[in-house]
Amino acid sequence: MKVAVVGGGPGGLYAAALLQRLDLAREITVWERNAPDDTFGFGVVLSDETLGGIEHADPVVYAALREEFVRWDTIDVVHRGVRHTSGGHGFAALGRRRLLEILHARCRSLGVGLRFRTPAPPVGELARTHDLVVAADGVHSGVRTALADAFRPHLTPHRCRYVWLAADFALDAFRFEIAETEHGVMQLHAYPYAPDASTVIVEMREEVWRAAGFDTLDERASAEACAKVFAEPLDGRPLRSHRSAWTTFRTVVTDRWSHGNVVLLGDAAHTAHFSIGSGTKLAVEDALALAACLREQPDVPAALTAYEAERRPVVASTQRAARASLEWFEDLALYVGQPPRRFAFNLLTRSRRVTHGNLRLRDARFTAAVEREFGCPPDTPPMFTPLRLGGLTLRNRVVVSPMDLYSATDGLPDDLHLVHLGARALGGAALVMTEMVCVSPEGRITPGCTGLWNDGQADAWRRVTDFVHTRAPGTALGVQLGHSGRKGSTRLMWEGMDEPLPEGNWPLIAASPLPYRPGGQVPQEANLQQLTRIREQFVSAAERAARAGFDLLELHCAHGYLLSGFLSPLTNRRTDAYGGSLDRRLRFPLEVLDAVRAVWPAERPLTVRISATDWAEGGTTAEDAVTIARALAAHGADALDVSTGQVVSDETPAFGRSYQTPFADRVRNATGVPVVAVGAISSWDDVNSLLLAGRADLCALARPHLYDPHWTLHAAAEQGYTGPGAVWPAPYRAGSRPPRTGAADTPRPRLTLDR
C-alpha cells in the first residue's frame, strides 16, 4: 500500500507512524510545506484518555512523551484581584516543537519518508498514484478546498481575536485571568509546557481588540502590549512571540470526511476551540481510529466508512462543548459582575463537560465553598434550595415542563390530565405546569387541546388543582395560556405533527398571512377588532385560571404560536403599528401581558415563555431576546421561561445536551430577570451546575418526567438528600430509598498469593 500524508503536524505524523508500524511494507510519505521546526503555538495539552490510546498503540512514542511531560492538576481563576484555585483536574503538556521532534524521530525509525519545505502534489495526482491519501493539512486545508464539492465544508468565524505567545517561566497551574480595561474585557489563558516555559493566549472581542489599538501593532509591539495588560500574573516579565499573528477562530464542520481514497483528519475535517484544549487531542485520536479501521476492515473504502462512523459522534460532542466554551468567552462581559467564586465555578463548567458532580469529586472543598456562597444549607444540593417568585415560595428549583397530552374533548381536561399532573405533583417538583391551555376554540393546536374559554373547563381544572393542593401540599401548579395562531387546526401529534386535519378544519388567524408549512392553511392577518377580541379572550381565561386555583400563570409567547408570531420578523410582515421594528412587534404581546397582569392576582407570579432564537437566518437573535425579556419584565413578568425555535418549519436547531440553556443564561445575566432554563436538561447534575453557575433560577424538564414521574424525589434519594426541598408523600415514604437490586457482590479475597 502506498500512502500519502499531506501535512506534517502532530496528527499527520502520528497517522504515518501508526500506519507504518502496523505494516512495515507500506510506502508512506509525508509532505510538509514548512521547515521541520516551524510551528504555530508553543505548548500542547493532551488528556490521560488520549495518552492511554497512545500507550497501547505505540509504547515507543508514549515513553518519549512521558519523559517530556509537565504535569499539574490545579486551575487558577483570577477575577477582580481574587484568585480561586480548583484542584484535581489532571493535565499533561509539552512543547509543540518537542512533540514534532519525537514524531519525526519515530517516523524516520520506521522508514516513513518525510519531505519538508515541499508542497504536496495536487490531490488528484496523489489519489491516482497512491492507495490512500490522508489530508492532515490543518484548518486551511488545501485538500479540503480542492474537493469542497465532495466534502462540503462549513466554516463559521467567531467574534474574538486571539494570539499565541509564550513566557520564559513555568506557571504552577492552568491560569485564567480577566482584565477589565478601559477598552473592554480581555482574558488570558496560560499553562506550563516545560520546566521553564508557559503558553500564554490572550483573547478579546473584536471590538475590544480594535478599541485597544491592537489592529495597528506589529508582532513585537502586540506582545509587549499584552505583557503590560497582564503584568501581574507575568510578574512583570516579557512575552515572546513566534510568527504570532492575531487571528479569529473558525469552526470547521464537514458533511463528509472521505471521498474515494482521500480522507480528512484533524483540523482539516473539524476544529474545536482552544479553550477546551482539544485540537491536537482530536487529531491524534483520529489517527488512532484511522489506523485501527484500516487494520480491521477488508479494504480502504470500508475502513474510511468505519473511521468516520466511529469518530464523527465523538467529534460532534467535542465541538458542542467547544462551542459552548467559545461562546462563554465571547460573552465574558456578561459574567464579570458575578462574585469571584461563582465566576470561577461558571468558568470551570462553561463547556458543560465539567459539572457540579465532577467538581465535587475533583475538589470537594472548592465546590462546598461555592455551594455556601449560593446559599445551600448544609447537606443540601443546589436544586433543593427554595426560591421566592412574586408572592410564591417554591421549595426547590425543579419545574415539570408543559407537555401537551392532546387528549381533551371540547377543551375539557379529563382523568388523564388529573393523573398526569397529579402524579408529577406527587413526584417532588416544586412547580408543575399544565400543557398550553387555549383561550378559544379557534386558538387550539389540535381538537385534543384543553381550554379555559368556558366555566365548565374551569370547573374541570379545579378538580386538578384541588387534588394537587390536597395530596401534594407544597407543590405549586401553573397554567400556561396560549393561542395557536397559524399553527392551529392540526392533527394529534402521534397522527402527524403539524399536519392539517383531514376534515373539520377551522380558520386560522395570525400576525401575517403566512402558512407555517409549505402548502399549509394560510391564516388571516388579524385586524384590530380581532386583536381586541383575542386580548379579551386571554383576560377571560386568566380570570378563570385564578378562580380554578392555579398558583402561577405563564403566557405562551414562544414556538410560533400567535403571540410568538408577532415577535419574530420571519412571521410578522405587518405594515401597521404592530409590525416593523422590534418595539412595534412587541406591542400586541405587551398589550396582552398588561391586560392579563391586571386581572391575575398580584401575589401570584406571572411568567412568560419566549423563543430566544428562531434558529433561522433573519429571525429573532440572542440580542433581540434580551430586548424582549427586558420589555416583558418591565410590564410585569416575574420570570422568563427561555425556550427556542419552533417558529418556522425550516429551522436548523443545534440540538445537543442542554442546548437551549445558553439562551436562558444570556437573558438572566444581561437583564437580571429570573429565568427558567429548558432544553434537553436530563440529569440532576446538570440542574445543580446551571443553578450554581448563575445561568438559571429554575430548570424545567419534560421527557425525564415522562420517563419517571418521581424524577425529583429520585434525584434527592440518589444524592442522599432528605430535607424540606424534597418531601415524599406519606404513603410513599417507604420507597424513599433506592431498592436493593439483588445479592451483594462476592466478597473480595482477603489474600492474594503469587502463583
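What follows is a walk through a predicted model, from an open sheet to a residue in its edge strand, then to a helix that packs on that sheet, and finally to a separate set of strand pairings.

The sheet is open and consists of six strands in the order β8-β2-β1-β9-β16-β15, and the pairing within it is mixed. At its edges stand β8, spanning residues 113–116, and β15, and because each of these has a single partner strand, one side of each is left without a neighbour in the sheet.

At the β15 edge, the partner is strand β16, made of residues 262–264, and β15 and β16 pair in the antiparallel sense over two bridges. Strand β15 itself covers residues 258–259, and Ser258 belongs to this strand. Within the pairing, Ser258 stands opposite Val263 of β16. Is Ser258, placed in this strand, buried or exposed? Its relative accessible area is 11%, and since the cut-off for a buried residue is under 20%, Ser258 counts as buried. Once its neighbours within four places in sequence are left aside, the residues in contact with Ser258 are Phe151, Val263, Leu304 and Glu308. Val263 thus appears both as the residue opposite Ser258 in β16 and among the contacts of Ser258.

Turning to the helices, α1, which comprises residues 10–22, packs at an angle of about 25 degrees with helix α11, residues 279–296, and their axes lie 8 Å apart. Angles under 35 degrees count as roughly parallel, and α1 and α11 are therefore described as roughly parallel to each other. The crossing in which α1 passes α11 is right-handed. On the α1 side the contact is made by Pro10, Gly11, Tyr14, Ala15, Leu18, Leu19 and Leu22, while α11 contributes Thr280, Ala283, Val284, Ala287, Leu288, Ala291, Leu294 and Arg295. Sorted by class, the residues of this contact between α1 and α11 are 12 nonpolar, two polar and one charged.

The last region concerns strand β10, residues 153–167, which pairs with two strands, β14 and β13. With β14, residues 247–254, β10 pairs in the antiparallel sense over seven bridges, and in this pairing Arg161 stands opposite Thr248 of β14. With β13, residues 197–205, β10 is joined by eight bridges, and these two strands likewise run antiparallel; here Leu165 stands opposite Val200 of β13.

How values were computed
Residues are numbered from 1 along each chain as its sequence is written. This is a predicted model: local features need pLDDT of at least 70, side-chain atom pairs count only at pLDDT 80 or more; totals for chains, interfaces and linings use all residues. Side-chain values use heavy atoms; hydrogens and water are left out. Axes are lines fitted to C-alpha atoms, for helices over the stretch in contact, and angles run from 0 to 180 degrees between N-to-C directions. Helices (H or I, at least four residues) and strands (E, at least two) are DSSP runs, numbered from the N terminus. Angles under 35 degrees count as roughly parallel, over 145 as roughly antiparallel, 65 to 115 as roughly perpendicular and the rest as oblique. A crossing is left-handed if the near helix is turned anticlockwise from the far one by less than a right angle, and right-handed if clockwise. Contact means heavy atoms within 4.5 Å. Ala, Val, Leu, Ile, Met, Phe, Trp, Tyr, Cys and Pro count as nonpolar, Asp, Glu, Lys and Arg as charged, and the others, Gly among them, as polar. Buried means under 20% relative accessible area, exposed over 50%, partly exposed in between (1.4 Å probe, protein chains only). Two strands pair if DSSP finds at least two bridges between them.
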